[in-house]
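Colleague: I should like a close look at a single part of this predicted model. Please take one disulfide as the starting point and work outwards from there to its surroundings.

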Amino acid sequence: MNAFFKALPVCLFLLLTARVQAAPPVAPKPGTARSVSGPSDAERYARRCQSQTAQRIARPQGTMLWGTKRSWDPEKPSDERTSVLVSVALDAPRQAEAGVKALRFEGGRLWAVPAPETGATASDVVGTVLQGTASDGKPVEVAICGAEPAADDPGRVFYRIEAWNAVAREWENPCVALDRSPAPRALAVGGVWDASGAHADAPDRVTFACENGAISKCILWGYAPWASRDGQSLAGLHQACTRLARADYCGNGRSHTRQDTTIDIYDRLGVLERATEVTREWDPAKGSFEAAWAPDGATCLSRTRDGRALDLILQECPGRFQADTGNAGEASESCTVRRGDVKPGAALLRNLSYGPPKADPAPVR
């Protein structure tokens with residue numbers, strides 16, 4: 001990573017919104033038969049990876065971890081910690097091309113098993129249908145429709161995926177689309193994230209992290225969990241980043257931020273360094289310390305990102321924080337509350353943000 005990139009502040013577009021429209025009924029695709037009981041497996045697989053209409057839109061979203069839709073039903077209220085797709089199994093594909101028996105995840109990309117005799121390429125996995133799981137535990141089939149190596153890192157591959165929407169009876173991109181990213185792709189990441197935002201290693205399972213979600217963004221910012229720096233794995237920094245990106249102070253999967261919030265991230269390994277120059281997105285003179293972060297949430301909190309009272313955070317996770325009686329960090333990183341169950345050195349990342357409008361400070365209980 002070059003010095004210019006490291007000096008740039010990280011711009012987080014966190015509380016993502018989509019335009020709400022009433023979607024007309026989805027018409028069958030040419031040549032596709034429908035039955036009252038639904039299409040057969042052969043019919044459904046034949047319709048995977050076909051062009052989709054632009055009529056399917058997502059309900060307004062909160063801050064996203066996976067970057068996926070919360071529900072296939074746009075009229076159904078849903079919690080920000082739900083998703084139509086949280087992970088997929090790499091073994092026993094439901095459908096595969098060219099003799100592929102399974103997929104293998106390594107180094108930020110998927111590989112076909114067995115590998116083609118002529119040499120493996122990113123496109124070897126295209127056309128495969130995998131068995132996925134939603135946050136409620138229900139099964140969902142996922143088709144890999146494209147594989148695009150990243151321009152800045154050919155070893156990292158973006159996948160265009162579709163999942164079977166049992167409500168609309170269509171293959172559909174499960175990633176939330178935005179104006180700036182109308183056809184979002186996904187990165188394959190090892191393991192599974194649960195509703196609390198906790199990550200667990202899971203053999204033969206990966207997460208398809210959509211571009212507009214925190215899991216994917218933290219990789220693009222430099223914290224690829226499969227990579228290392230100076231001999232140290234970045235997996236812990238990546239997990240801490242997913243908490244930081246969503247302002248998940250309590251480590252319970254709840255976000256506390258607003259859309260288009262700009263922050264500056266820095267870490268002790270120097271993957272991202274604290275910005276010192278004014279850019280279009282960030283003015284260091286206007287930023288101030290917000291929090292320090294570990295993989296399970298904030299370890300030290302100066303103030304909230306969205307301006308809510310600290311008392312509300314303390315009520316959300318009682319017993320987690322206590323009033324800070326002394327500054328264990330730099331003078332510019334003074335904390336109002338701090339966790340008592342972790343050492344100051346447990347923090348892997350720190351961030352600055354623009355403070356909310358000033359008001360009379362409320363006492364911290």
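Modeller: In this predicted model, cysteine 218 and cysteine 241 form a disulfide, with 2.1 Å between their sulfur atoms. The torsion about their S-S bond is about -85°, so the link is left-handed. Cysteine 218 belongs to helix H3 and cysteine 241 to helix H4; with their positions 23 residues apart, the pair links distant parts of the chain. Cysteine 218 has a relative accessible area of 0% and is buried. Cysteine 241 is likewise buried, also with a relative accessible area of 0%. Because the limit for a buried residue is under 20% relative accessible area, both values fall within that class.

Helix H4 deserves attention next. Nine of its 11 residues are buried, so H4 is largely enclosed by the rest of the structure. The buried residues are Leu237, His238, Gln239, Ala240, Cys241, Thr242, Arg243, Leu244 and Ala245. This list includes His238, Gln239, Thr242 and Arg243 alongside Leu237 and Leu244. After H4 comes alanine 247, which has a positive phi, near 55°.

The sheet beside this helix can be described as follows. Six strands form an open sheet in the order E14-E19-E15-E16-E18-E17, and their pairing is antiparallel. Its edges are strand E14 (263–267) and strand E17 (321–323); each has a single partner strand, so one side of each is left without a neighbour in the sheet. On average, and with direction ignored, neighbouring strands of the sheet are turned by 35° against each other. Within the sheet, strand E15 (residues 287–294) and strand E19 (residues 349–354) run antiparallel and are joined by six bridges. Serine 288, for instance, has serine 353 in E19 as its bridge partner. Helix H4 (residues 235–245) packs on this sheet, where it touches E14, E15, strand E16 (297–301) and E19. The direction of H4 makes about 25° with that of E19.

The nonpolar packing involves several of these elements. In soluble globular proteins, nonpolar side chains tend to be buried together. The largest nonpolar core of this model has 30 residues, of which Tyr223, Tyr249, Trp293 and Leu349 touch the most other members. Two or more residues of this core come from each of helix H3 (214–220), H4, E14, E15, E16 and helix H5 (310–316). H4 gives the most, with five residues. Helices H3 and H4, which carry the two cysteines of the disulfide described above, are thus both among the elements that give two or more residues to the core. Another core lies apart from this one; it has 26 residues, including Trp72, Val100, Ala112 and Phe208.

A second disulfide also involves the segment that follows H4. Cysteine 250 and cysteine 317 form this link, and their sulfur atoms are 2.1 Å apart. The torsion about the S-S bond is about -60°, so this disulfide is left-handed. Cysteine 250 lies in the loop between H4 and E14, and cysteine 317 in the loop between H5 and E17; the two are 67 residues apart, and the pair links distant parts of the chain. Both cysteines, 250 and 317, are buried.

A further link offers a contrast in exposure. Cysteine 49 and cysteine 145 are joined by a disulfide with an S to S distance of 2.5 Å. The angle about this S-S bond is -80°, and the link is left-handed. Cysteine 49 sits in the loop between helix H2 (41–46) and strand E1 (87–89), while cysteine 145 sits in strand E5 (residues 139–149), 96 residues apart. Cysteine 49 counts as partly exposed, at 28% relative accessibility. Cysteine 145, at 23% relative accessibility, also counts as partly exposed, whereas cysteine 218 is buried.

These links can be placed in the whole chain. The count of disulfides comes to five. With the bonded cysteines numbered in sequence order, they pair as 1-2, 3-4, 5-6, 7-9, 8-10. The protein chain has five helices and 19 strands, and 49% of its 365 residues count as buried. Of the contacts with a separation of 6 or more, 63% are between residues 24 or more positions apart. The chain exposes about 17000 Å², of which carbon and sulfur atoms supply 52%.

Terms used: Residues numbered from 1 in each chain as written. Predicted model: local features only at pLDDT ≥ 70, side-chain atom pairs only at ≥ 80, totals over all residues. Heavy atoms only, no water. Pairing = 2+ DSSP bridges. Helix = DSSP H or I, 4+ residues; strand = E, 2+ residues; numbered from the N terminus. Axes fitted to C-alpha atoms, helices over the stretch in contact; angles between N-to-C directions. Contact = heavy atoms within 4.5 Å. Buried < 20%, exposed > 50% of the residue type's maximum accessible area, 1.4 Å probe, protein only. Core = buried A, V, L, I, M, F, W, Y, C linked by side-chain atoms within 4.5 Å. Areas by Shrake-Rupley, 256 points an atom, 1.4 Å probe, with all protein chains shown as cover. Disulfide = S-S within 2.5 Å.
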